[in-house]
Amino acid sequence: MIPVIALTGHLGAGKTTVLNHLLRRPGARVGVVVNDFGAINVDAGLVTGQVDEAASIAGGCICCLPEAGGLDQALSRLTEPRLRLDAVIVEASGAAEPLALARLIRSSGAEHARPGGLVDVIDAVEHFRTVDTGGLPPARYAAASLVIANKMDLLPPEQRETRLAELTARVRERNPVAPVVPTERGAIDPALVFDVAEAEDPPDQLPIAALLRSLETGHDGHGHDAPLHEHASAVTARADGPADAGAILDLLEDPPRGVYRLKGCVAVRTPRGGRRYLFNLVGASIHVAPAPPRSADGADALVAIGPELDEAEVGARLAAALAPADRAAAAGLRRLQRYRRLSA
Ligand SMILES: Nc1nc2c(ncn2[C@@H]2O[C@H](COP(=O)(O)OP(=O)(O)OP(=O)(O)O)[C@@H](O)[C@H]2O)c(=O)[nH]1
């Protein structure tokens, strides 16, 4: 039986970053299932390193798609004994509800799959503004076998210890056991993840089992903790040729109303032709990096995600920012380089 580890986290918390870090661990044969919310699976193109087998599911969050969104099929394929994988990691879209995903994995019809735990990534900077905004602690805490408090580097050093203690205290209100581990840029010790994950074939007294049972019977009838499942929507726009760097940065600096997350690989016009960059907006923070080589697999596109989007308005703004540029504008390229340096 091959452990299937769920990797969850709110939009932009750093799931893909954690996944890439885990995949750099030499030795293990790992399969991944990547789920993206937009029409294009941006994340699939961003997963680098040692993937032995991969499957991607785009077009909605995995726990809301019909028939487990192809998850069962992907798990059946990736856990085939002849592939001899040590583990399969399912990276859910930031919109997925961890409890619902854990339940899907537990009830998977894949013969050789067994639940291998749930790793929940928290954005240590944004978390108390976006996910845990007070009142009852979010149910997602109960689903985790390991909580990663990521983006610690973005907090002033003197605040880190306090923030970690606050996060841990909140998780403890729902989950007496899951370690809460601070990281920068997703650098979790892979041994911790795989070991924690593999040890976790949860006995009934763990909180997750009880919660999952209560979900079978309650709420919206299909396993969602309805009030907690944020139904974000996504808008995808493709690029037809190198775009203007300044126009894309204008979009990131002043995103359409409701957009919390914007990401994608796009070629921008430079004096020497098109050059591809990865653009990332999470909340108010903008990140620009050269596109990783493997990301050329997907078409250039931007995906915007947010809780309540005016899809027509957002689509028009994305399309305008992606309009092919016929010449390289120096001012825009200078801004791009400045963001690149800030993101390094
Ligand atoms: N400074 C800093 N940036 C980070 C860290 N982890 C991730 N990032 C950046 O945050 C952005 C989002 O990271 P991703 O790994 O794509 O997040 P995600 O959770 O996979 O995003 P979605 O799948 O869209 O929900 C990217 O620009 C990352 O480079 C971190 O620990 N520190």
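Trainee: Is Arg84 buried or exposed?

Mentor: This is a predicted model. Count the neighbours around the residue. A residue with 12 or fewer other C-beta atoms within 10 Å counts as exposed. Arg84 has 9 other C-beta atoms within 10 Å, so Arg84 is exposed.

Trainee: Where does Arg84 lie?

Mentor: Arg84 sits in the loop between helix H3 (71-78) and S4. Look at the backbone there too. Most residues other than glycine have a negative phi. Arg84 has a phi near 50°, a positive value in a residue other than glycine.

Trainee: In which loop does Arg185 lie, and what is its phi?

Mentor: Arg185 is in the loop between S7 and helix H8 (190-199). Its phi is near 50°, a positive value, and Arg185 is not a glycine. With 14 other C-beta atoms within 10 Å, Arg185 is partly exposed.

Trainee: Now the sheet. What is the order of its strands?

Mentor: Read a sheet by its neighbours, strand by strand. Here seven strands form an open sheet in the order S3-S2-S4-S1-S5-S6-S7, and the pairing is parallel. Strand S3 (51-58) and strand S7 (180-182) stand at the edges. Each has a single partner strand, so one side of each is left without a neighbour in the sheet. From one strand to the next, the twist averages 20°.

Trainee: How many bridges join S2 and S4?

Mentor: Strand S2 (residues 30-36) and strand S4 (residues 87-91) pair over five bridges, in the parallel sense. To place the register, find facing residues. Gly31 stands opposite Val88 in S4.

Trainee: Which strands does H1 lie across?

Mentor: H1 lies across strand S1 (2-9), S2, S3, S4, strand S5 (113-123) and strand S6 (146-150). Its direction runs at about 165° to S4. Helix H4 (residues 98-106) also packs on the sheet, where H4 touches S1, S4 and S5. The direction of H4 makes about 165° with that of S1.

Trainee: How many residues of S6 are buried?

Mentor: Use the general pattern for strands. In a regular strand the side chains alternate between the two faces of the sheet. Leu146, Ile148 and Asn150 point one way from S6, while Val147 and Ala149 point the other way. Five of the five residues of S6 are buried, so S6 is largely enclosed by the rest of the structure.

Trainee: Which residues face S6 in S5 and in S7?

Mentor: Take each pairing in turn. S5 and S6 pair in the parallel sense over five bridges, and Asp123 stands opposite Asn150 in S6. S6 and S7 pair in the parallel sense over three bridges. Pro182 in S7 is the bridge partner of Ala149.

Trainee: What are the domains, and how many residues of each are in contact?

Mentor: Start with the bounds, then look for contacts across them. The protein is divided into domain 1 (2-228) and domain 2 (233-343). 14 residues of domain 1 are in contact with 18 residues of domain 2. The side of domain 1 that touches domain 2 has seven nonpolar, six polar and one charged residue.

Trainee: Why does the ligand shell lie between the domains?

Mentor: Ask which parts of the chain supply it. Domain 1 and domain 2 both give residues to the shell around the ligand, so it lies between them. 23 residues surround the ligand, and the closest are Gly14, Thr16, Gly94, Asn280 and His287. Helix H1 (15-23), strand S9 (261-270) and strand S10 (273-282) each supply at least two shell residues. H1 gives the most, with three. By class, the shell has four nonpolar, 11 polar and eight charged residues.

Key. Residues numbered from 1 in each chain as written. Predicted model: local features only at pLDDT ≥ 70, side-chain atom pairs only at ≥ 80, totals over all residues. Near = placed C-beta within 6 Å. Helix = DSSP H or I, 4+ residues; strand = E, 2+ residues; numbered from the N terminus. Nonpolar A, V, L, I, M, F, W, Y, C, P; charged D, E, K, R; others polar. Domains from an automatic or database assignment. Pairing = 2+ DSSP bridges. Axes fitted to C-alpha atoms, helices over the stretch in contact; angles between N-to-C directions. Contact = placed C-beta atoms within 7 Å. Buried ≥ 20, exposed ≤ 12 C-beta atoms within 10 Å, placed from the backbone.
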